[in-house]
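Work through the exercises below with the sequence and the 3D view open. Each task is followed by a solution in steps.

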Amino acid sequence: MPAKKLGFGLMRMPLNDTHNDADVDIEQVCKMVDMFLERGFTYFDTALMYHSCQSESVVKKALVDRHPRESYTLATKLHSAFFNSIEERDKVFQGQLEKTGAGYFDYYLIHGIEGDMLNKYECLDCFNFVLEKKKEGLIKHVGFSFHDTPELLDKILTDHPEMEFVQLQINYMDWNSEWIQSKACYDVAVKHNKPVIVMEPVKGGTLANKMPDEAVALFTEHDASMSIPSWAIRFVASLDNVMVVLSGMSSLEQMEDNTSYMQDFVPLTEEEKDLCLKVGEIINSQIAIPCTACSYCTGGCPMNICIPKYFSLYNADMRDDLEHKGWTINFSTYGTLGKTFGKASDCIACGQCEGVCPQHLPIIDNLKKVAELYEH
């Protein structure tokens, strides 16, 4: 168990070119890694697919090659999109060892389990595979990340009690969501006595940036000394069964803020937890498309549509009561993005994006809404 509850998620690292997710600013990441370790934090989380399959290589350059192996713990994942046979599965794992240069993984996850993926993981014997690698000393702890119903989670943990932990999407906005069901899934993990690693605590920045004024006011009136994102991180870190809260930090400023209040973490009071849930209700009443900007959808898009960026523009304008404004700077931003990426109207409805979306969003229909707003 990590001594401190904050984990460095290497999914949204700073970029040299904001239009190229693979062009990671290595120099800044090195500074962030150093600050993280210097302040007593140890947990790093990556995956093969992050940053257009470059995140694990960044891990080697910024962490593994620069710090003693015993000074940190590293987690990565096995994702079903990258193998279709047992031979390919084995090759993926070996490739991850070589790419990171880590020698072994402290935590290894079967990645993003949901109904359709589970069948593939079972058929290709992935649960036994990770246990074999644990026996070989190449994995220290085995678990899985999950994006589905509490009923399916209960079944998996019943069928596979050997799994040591589970990674769940939990935040105060999704706590009572009928789609994500953060609380219900958390309760299942508690029932099975499995430690929880939290992903998307700030919901891809939704609980940090462009918050409704009413929501911001509630937090600042209670404690103006705390940053807005800190409320989201501390909400989930206050849950008893949470082992690590992953934050996809993308700047030194974010690293400075997160580590400042998580170094000597103090759980929220019940009053403060209720305040977070009230803010979540306000945001849910105003957000149009609950996208977390994970970018799973963009890698295989045949039209190179920057889906999360367009959804972010759309959400901002819907929240700002566009009906009365008529035009915002986001119209210009949309036009600029359209010179590099495909426009929303270029969508050919192939469905690739919806098949990999952890939020199960109707992306095709939402792109039509974006196109109707910005292209007419």
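**Exercise 1. Strand pairing**

In which sense do strand β6 (residues 165-169) and strand β7 (residues 196-199) pair, and over how many bridges?

Solution. The model used here is predicted.
- Step 1: β6 and β7 pair in the parallel sense, over 4 bridges.
- Step 2: To place one point of this pairing, find Val-166, which stands opposite Val-196 in β7.
- Step 3: Val-196 also stands opposite Val-242 in β8, and 3 parallel bridges join β7 to β8.
- Step 4: From β8 (242-247), go on to β1, which runs parallel to β8 and is joined to it by 3 bridges. Here Leu-6 stands opposite Val-245.

**Exercise 2. The barrel**

State how many strands close into the barrel and in which order.

Solution.
- Step 1: The barrel is closed by 8 strands with parallel pairing, in the order β1-β2-β3-β4-β5-β6-β7-β8.
- Step 2: On average, neighbouring strands of this sheet are turned by 30 degrees against each other, with direction ignored.

**Exercise 3. Strand β3**

Decide how many residues of β3 are buried, and find its partners.

Solution.
- Step 1: Buried means under 20% relative accessible area.
- Step 2: In β3, 6 of the 6 residues are buried, so the strand is largely enclosed by the rest of the structure.
- Step 3: Thr-73, Ala-75 and Lys-77 point one way, whereas Leu-74, Thr-76 and Leu-78 point the other way.
- Step 4: Strand β2 (residues 43-45) pairs with β3 in the parallel sense over 3 bridges, and Tyr-43 of that pairing stands opposite Thr-73.
- Step 5: β3 and β4 pair in the parallel sense over 4 bridges. The bridge partner of Lys-77 in β4 is Leu-109.
- Step 6: For a second covered strand, take β8, where 6 of 6 residues are buried.

**Exercise 4. Helices against strands**

Find which strands helices α6 and α10 lie across, and what the buried residues of α11 pack against.

Solution.
- Step 1: Helix α6 (residues 126-135) lies across β3 (73-78), β4 (105-113) and β5 (139-146). Its direction is at about 155 degrees to β5.
- Step 2: Helix α10 (residues 228-237) lies across β7 and β8, running at about 160 degrees to β8.
- Step 3: In helix α11 (residues 252-262), the buried residues are Met-255, Asn-258, Thr-259, Tyr-261 and Met-262.
- Step 4: These residues of α11 pack against β1 (6-9), α1 (26-38), α10 and β8.

**Exercise 5. Aromatic pairs**

How many aromatic pairs does the whole structure hold? Classify the pair of Tyr-172 and Phe-219 and the pair of Tyr-310 and Tyr-334.

Solution.
- Step 1: The search finds 21 aromatic pairs.
- Step 2: The ring centres of Tyr-172 and Phe-219 are 6.1 Å apart, and their planes stand at 70 degrees. Planes over 60 degrees apart count as edge-to-face, and this pair is edge-to-face.
- Step 3: Tyr-172 is in the loop between β6 and α8 (182-191) and Phe-219 is in helix α9 (residues 213-222), so the pair ties together parts 47 residues apart in sequence.
- Step 4: Both rings belong to buried residues: Tyr-172 has a relative accessible area of 2% and Phe-219 has 0%.
- Step 5: Tyr-310 and Tyr-334 have ring centres 4.6 Å apart and planes at 45 degrees, so this pair is tilted.
- Step 6: Tyr-310 lies in helix α13 (residues 307-319) and Tyr-334 in helix α15 (residues 329-337), so parts 24 residues apart in sequence are tied together. Tyr-310 is buried at 0%, and Tyr-334 is buried at 3%.
- Step 7: Tyr-172 and Phe-219 also belong to one aromatic cluster with Trp-175, Tyr-186, Trp-231 and Phe-235.
- Step 8: The charged end of Arg-234 sits over the ring of Trp-231, 4.6 Å from its centre.

**Exercise 6. Cysteines**

Why is Cys-53 not bonded to the closest cysteine sulfur?

Solution.
- Step 1: A disulfide needs two cysteine sulfur atoms within 2.5 Å.
- Step 2: The closest cysteine sulfur to that of Cys-53 belongs to Cys-294 and is 14 Å away, which is too far for a bond.
- Step 3: Cys-185 is in no disulfide either, as the nearest cysteine sulfur, in Cys-357, is 16 Å away.
- Step 4: The structure holds 0 disulfides.
- Step 5: Cys-53 is partly exposed at 24% relative accessibility, whereas Cys-185 is buried at 4%.

Methods: Residues numbered from 1 in each chain as written. Predicted model: local features only at pLDDT ≥ 70, side-chain atom pairs only at ≥ 80, totals over all residues. Heavy atoms only, no water. Pairing = 2+ DSSP bridges. Helix = DSSP H or I, 4+ residues; strand = E, 2+ residues; numbered from the N terminus. Axes fitted to C-alpha atoms, helices over the stretch in contact; angles between N-to-C directions. Contact = heavy atoms within 4.5 Å. Buried < 20%, exposed > 50% of the residue type's maximum accessible area, 1.4 Å probe, protein only. Phe/Tyr/Trp six-rings, centres within 6.5 Å; stacked < 30°, edge-to-face > 60°. Lys NZ or Arg CZ within 6 Å of the ring centre and 35° of its normal.
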